[in-house]
Amino acid sequence: MTDYEIPRPTSGDVVELILEDHRLFEALLRDLRDATADRAAARAALSAVLIAHGEAEESKVYPNLERKDAITDHEAEHGEEEHAEGNEALLALLECKGTDTQKFDDAVEDLATALNHHIGEEEQTILNPARTEVSEEVRADLGEKWAAERNRLLDADAGSIDNVRKIVAKAHEEGLLPADDEDE
Ligand SMILES: [Fe+2]
Ligand SMILES: [Fe+2]
């Protein structure tokens, strides 16, 4: 990676921390559309932060909000399905050899579509209950746990193409994604 320094907060309100990453995803998607940007570096940065962010939401945030009855199990599972769709689109982007091809541009737009949909829905249906149904103290506790797990995954290079392949394969096994022949 060249110019991209991914912020690594260690504490804060989980809602604010998650929103900051969502804005970072949008900035990185913009760079992926910019022919003058280092698009290989932007892709590597987006993969790293997207995987660390989503996996940490699934292990540290969604289950906790569910236990506190802030969100339903259906909302948590729907979030996981949308992560799986985003991860599948991310994998297609990582598999592009060149960054100045139509294939790359199409893969960026597919990922942008999946991601924009998910962050909109997550902000409305998961972060809103986190704002209103749990205390400031809980949000700070979840912020710390989520940030620690996100940083651990960033250190573990969770956004490498090999690991993204594993995550997508596991999502298929768990039925979070339609079978390959049903994708279109
Ligand atoms: Fe998120
Ligand atoms: Fe998410």
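## Asn87 and its surroundings

Once its neighbours within four places in sequence are set aside, Asn87 is in contact with Ile51, Val164, Ile167 and Val168. The model in which these contacts appear is a predicted one, and everything that follows should be read with that in mind. Asn87 belongs to helix α3, and with a relative accessible area of 9% the residue counts as buried, because buried means under 20% relative accessible area.

## Helix α6 and its buried side

Three of the contacts of Asn87, namely Val164, Ile167 and Val168, bring the reader to helix α6, which runs over residues 161-173. This helix has 13 residues and reaches 18 Å from its first C-alpha to its last, close to the 18 Å expected at 1.5 Å a residue. The buried residues of α6 are Val164, Ile167, Val168 and Ala171. Because these residues cover an arc of only 95 degrees around the axis, they are placed on the same side of α6.

What do the buried residues of α6 pack against? Their partners are α2, which spans residues 39-67, and α3, which spans residues 73-94. On the other side of α6, by contrast, Lys166 and Glu173 are exposed. Just after the helix comes Gly175, which takes a positive phi of about 75 degrees.

## The site of the first iron ion

The model holds an iron ion (ligand 1) whose protein donors are His22 and His53, each through NE2, together with Glu57 and Glu122, each through OE, and these lie 2.0 to 2.2 Å from the ion. The angles among the four donor atoms run from 75 to 165 degrees, and the site is irregular. Along the sequence, the donor residues of this ion are spaced H-x30-H-x3-E-x64-E. The pair His22 and His53 links distant parts of the chain, since His22 sits in helix α1 (residues 14-32) and His53 in helix α2, 31 residues apart. Both of these histidines, His22 and His53, are buried.

## The site of the second iron ion

A further iron ion (ligand 2) has as its protein donors Glu57 and Glu122, each through OE, and His83 and His118, each through NE2, at 2.1 to 2.2 Å. Here the four donor atoms subtend angles of 83 to 168 degrees, which makes the arrangement irregular. The spacing of these donors along the chain is E-x25-H-x34-H-x3-E. His83 in helix α3 and Glu122 in helix α4 (residues 102-133) are 39 residues apart, and this pair links distant parts of the chain. Both His83 and Glu122 are buried.

How far apart are the iron ion (ligand 1) and the iron ion (ligand 2), and which residue bridges them? The two ions lie 3.1 Å apart, and Glu57 is a bridge between them. Glu122 likewise appears among the donors of ligand 1 and among the donors of ligand 2.

## Two residues of helix α5

Arg150 lies in helix α5, which covers residues 136-155. Is Arg150 buried or exposed? With a relative accessible area of 1%, Arg150 is buried. A polar atom of its side chain lies 3.0 Å from the backbone oxygen of Pro7. Not counting residues up to four places away in sequence, Arg150 touches Ile6, Pro7, Arg8, Pro9, Asp21, Val49, Ala52, His53 and Ala56; one of these, His53, is also a donor of the iron ion (ligand 1).

Asp141 is found in helix α5 as well, but Asp141 is partly exposed, with a relative accessible area of 35%. Although Asp141 and Asp13 are 128 residues apart in sequence, their C-alpha atoms are 7.9 Å apart in space.

## Positive phi in two loops

Asp69 lies in the loop between α2 and α3, and has a positive phi of about 60 degrees although it is not a glycine. This residue is exposed, with a relative accessible area of 66%.

Asp157 lies in the loop between α5 and α6, and its phi, near 60 degrees, is again a positive value in a residue other than glycine. With a relative accessible area of 48%, Asp157 is partly exposed.

Conventions. Residues numbered from 1 in each chain as written. Chains lettered and ligands numbered in written order. Predicted model: local features only at pLDDT ≥ 70, side-chain atom pairs only at ≥ 80, totals over all residues. Heavy atoms only, no water. Helix = DSSP H or I, 4+ residues; strand = E, 2+ residues; numbered from the N terminus. Buried < 20%, exposed > 50% of the residue type's maximum accessible area, 1.4 Å probe, protein only. Polar contact = N/O pair within 3.5 Å; in protein donor to acceptor, adjacent residues only side chain to side chain. Contact = heavy atoms within 4.5 Å. Expected span 1.5 Å × (residues − 1). Arc of directions from axis to C-beta. Donors = N, O, S within 2.8 Å, 3.2 Å for Na, K, Ca; no water. Tetrahedral: all angles 85-135°; square planar, octahedral: opposite > 155°, others 65-115°.
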